[in-house]
Each structure stands twice: as structure tokens, then as C-alpha cells.
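Colleague: I'm in my first year and I'd like a close look at one part of this model, the place where a chain turns from one helix into the next, and at what surrounds it. Please take it slowly and keep it plain.

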Amino acid sequence: MTTKTLYNKTGRYICGASMPAETRQIQTWLSCTKHNKMSVSEEEKAIIETLILNEVKAQTAYPLFYPKAEAPWWQKITAMF
Amino acid sequence: MSRNFTPDEILIDQLVLNDTDAFEELYHRHCYPLYSYCVDKLNSPADARSIVRDVFIRLWEKRQTLPVGFSVSLYLYQEIRKAVVLCVNQKLEEDKDLFTIQTQIIPGFAVVNLQQAKKPVRKSSSEIRYINSLTPNRANKNYWWNYNPSGITIKDIKMLLQKAFNLL
């Protein structure tokens with residue numbers, strides 16, 4: 001398959017004008033997770049999560065409009081156990 | 001993340017009340033699997049990051065109009081799949097990362113590679129045995145034989161009956 005064919009196929013799929021066989025091909029490709037073998041440590045995962053969350057916070061600015069309620073002192077102590 | 005597990009449905013209900021903690025809990029649950037899926041499909045961590053970010057921004061912005069019985073995981077995966085196709089299309093339109101597309105993405109559309117998706121997921125025999133022991137399955141006779149949620153044994157019942165007869 002050439003890049004031009006893929007471009008036409010994905011374009012038709014996005015517009016909802018693709019043939020059933022094309023739709024099935026793209027959906028099967030999307031469902032195929034055979035090569036999913038990312039080995040990332042927990043620390044790296046946490047860094048990625050924090051980075052994306054910070055971007056979400058920056059774009060939606062929700063901490064400014066909906067600040068978090070401070071947990072009472074007794075809840076902080078019970079959370080330790 | 002909270003210490004007690006809260007189902008997604010309850011977190012969605014809290015999301016409607018602008019609960020940022022609920023949003024972050026949902027985010028931490030689903031973020032990394034979505035991110036790794038995007039990286040797997042696009043071979044581009046930067047694109048994966050922007051897709052995941054946009055999907056969660058849309059979820060936050062749509063929180064007031066979420067329908068009843070809304071499934072977060074289903075919604076997120078549908079959105080991610082759409083965004084992945086859109087991203088591939090945009091890259092092709094702008095002639096960006098053509099080498100990656102030619103070497104990494106296009107081979108994924110080959111029939112041999114697509115057939116992998118149709119194969120059933122194989123589970124180890126120990127996993128299957130564990131699942132069978134949990135679910136009420138007619139084929140699994142041991143489940144019904146050993147089903148005893150109250151913890152009362154036949155010995156206990158015999159003892160109680162004996163005491164009752166003695167009293168009578």
C-alpha cells in the first residue's frame with residue numbers, strides 16, 4: 001500500500017464514506033495490539049501521566065475555577081494507616 | 001489515587017458536580033493504557049501525548065452533558081481510535097513523518113498482520129481455572145457444589161437440629 005492510498009482510505013473513513021471492506025480493514029488495524037510491548041518503569045509512567053495532566057490543567061484551567069477542598073487533619077492521619 | 005476503589009460510574013456522577021479529584025482518579029486509571037495504545041499505533045510519543053491530552057480535555061468539557069449509563073472506558077477508546085486515524089490522515093496530508101508511516105504504519109495494514117487481531121486472546125490454564133471458579137457456570141459443577149456464601153456447614157446445621165430436638 002502506498003501513502004497516497006492510505007491517505008485516501010483514512011480520508012474516506014473520517015468522512016464516513018468508506019467501503020465496508022475499508023472500514024473493516026481500518027477497524028481491524030485499530031484493534032490489532034500485537035506489537036504493544038512497551039516496557040516502561042513505574043516512575044516513567046508517573047512522569048508521563050503528570051506531564052499530560054499538567055497540560056490538561058493548563059488548557060482547562062480547572063484548578064482555578066474548582067479548587068480542591070482541603071482534607072481535614074483527622075482524614076490525613078487515618079490515610080497514613 | 002484514593003485508597004478505596006470507586007467504580008467509574010460513581011466517579012462520572014461526581015464529575016458532573018465539578019469534582020476535580022474524581023476527574024484525576026479517572027485520568028490516572030485510563031491515561032497510560034491510552035497513551036501506550038497511541039504510541040503503539042503512531043510510533044510517536046509526542047502525538048500520543050497530544051491525543052490523550054485532547055481526549056481528556058474533551059471529557060472534562062463535556063462533563064455536564066454526559067448521558068445516563070455513560071461508559072468512560074468505551075468513550076475514551078472510541079475517541080482515541082478516531083483521533084489515531086485523524087492523526088495519520090493529517091500527517092499524510094502535511095507530508096510529515098512519511099518514513100515512519102511507510103516503515104511502521106503501512107505494514108500494519110497487511111493481511112498477515114491484520115489476521116493477528118482476529119485470533120482469540122489466549123489465557124493460561126490457571127487463569128481459566130480461576131475465572132471458572134468465580135463465575136456461576138453450569139458446566140462447572142464444582143462451583144455449585146462448593147457454593148456457600150453464608151459459610152454455614154452441614155455439621156453446623158446438624159448441631160442446631162440436635163439442639164432443637166433436645167429442647168423439644
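Modeller: Let's start with what a helix is here: a DSSP run of at least four residues, labelled H or I, with the runs numbered from the N terminus. Keep in mind that this is a predicted model.

Now for your spot. Asn43(B) sits in the loop that links H2 and H3 of chain B. The backbone does something worth a look there: Asn43(B) has a positive phi of about 55 degrees, although it is not a glycine. Is Asn43(B) buried or exposed? A residue counts as buried with 20 or more other C-beta atoms within 10 Å, and as exposed with 12 or fewer. Asn43(B) has 16 other C-beta atoms within 10 Å, so it is partly exposed.

Let's step back along the chain into H2(B), which covers residues 20-42. One residue to pick out in chain B is Cys38(B). Setting aside neighbours within four places in sequence, Cys38(B) is in contact with Asp47(B), Ala48(B), Ile51(B), Val52(B), Ile80(B) and Val84(B). Cys38(B) also belongs to the largest nonpolar core, a set of 37 residues. Within that core, Cys38(B) and Val52(B) touch the most other members. Several helices feed the core with two or more residues each: H1, H2 and H3 from chain A, and H1, H2, H3 (45-61) and H4 (72-93) from chain B. H2(B) gives the most, 12 residues.

What does H2(B) meet on its way? H1(B), residues 8-16, is one partner: the axes of H1(B) and H2(B) come within 8 Å and cross at roughly 140 degrees. An angle over 145 degrees would count as roughly antiparallel, and 65 to 115 as roughly perpendicular. H1(B) and H2(B) are therefore oblique to each other. Their crossing is left-handed. From H1(B), the residues involved are Asp8(B), Leu11(B), Gln14(B) and Leu15(B), and they meet Ala22(B), Phe23(B), Glu25(B) and Leu26(B) of H2(B). Sorted by class, that contact has 5 nonpolar, 1 polar and 2 charged residues.

Now go past the loop, into H3(B). The axes of H3(B) and H4(B) come within 10 Å and cross at roughly 135 degrees. That makes H3(B) oblique to H4(B). Here the crossing is right-handed. H3(B) brings Asp47(B), Ile51(B), Asp54(B), Val55(B) and Arg58(B) to the contact, while H4(B) brings Leu76(B), Glu79(B), Ile80(B), Ala83(B), Val84(B) and Cys87(B). You've met some of these names already: Asp47(B), Ile51(B), Ile80(B) and Val84(B) are among the contacts of Cys38(B). The H3(B)-H4(B) contact divides into 7 nonpolar, no polar and 4 charged residues.

Here's the wider setting. Chain B has 9 helices and 0 strands. Of its 168 residues, 23% count as buried. Among contacts in chain B with a separation of 6 or more, residues 24 or more positions apart account for 54%.

Chain B isn't alone, either. In the pairing of the two chains, 34 residues of chain A are in contact with 38 residues of chain B. On the chain A side, two or more residues each come from H1 (3-15), H2 (20-31), H3 (42-60) and H4 (62-65). H3(A) supplies the largest share of that side, 9 residues. By class, the chain A side divides into 18 nonpolar, 11 polar and 5 charged residues.

Chain A also has something to set beside your Asn43(B). Ala61(A), in the loop between H3 and H4 of chain A, has a positive phi of about 55 degrees and is not a glycine. Ala61(A) is exposed, with 9 other C-beta atoms within 10 Å.

Just beyond H4(A), Tyr66(A) lies in the loop leading to H5 (73-80) of chain A. Which residues does Tyr66(A) touch, not counting those up to four places away in sequence? They are Asn18(B) and Thr20(B). With 15 C-beta neighbours inside 10 Å, Tyr66(A) counts as partly exposed. For a sense of distance, the C-alpha atoms of Tyr66(A) and Ile26(A) are separated by 40 Å, and the two residues are 40 apart along the chain.

Key:
Residues numbered from 1 in each chain as written. Chains lettered and ligands numbered in written order. Predicted model: local features only at pLDDT ≥ 70, side-chain atom pairs only at ≥ 80, totals over all residues. Axes fitted to C-alpha atoms, helices over the stretch in contact; angles between N-to-C directions. Parallel < 35°, antiparallel > 145°, perpendicular 65-115°, else oblique. Left-handed = near helix turned anticlockwise from the far one by under 90°. Contact = placed C-beta atoms within 7 Å. Nonpolar A, V, L, I, M, F, W, Y, C, P; charged D, E, K, R; others polar. Core = buried A, V, L, I, M, F, W, Y, C linked by C-beta atoms within 7 Å.
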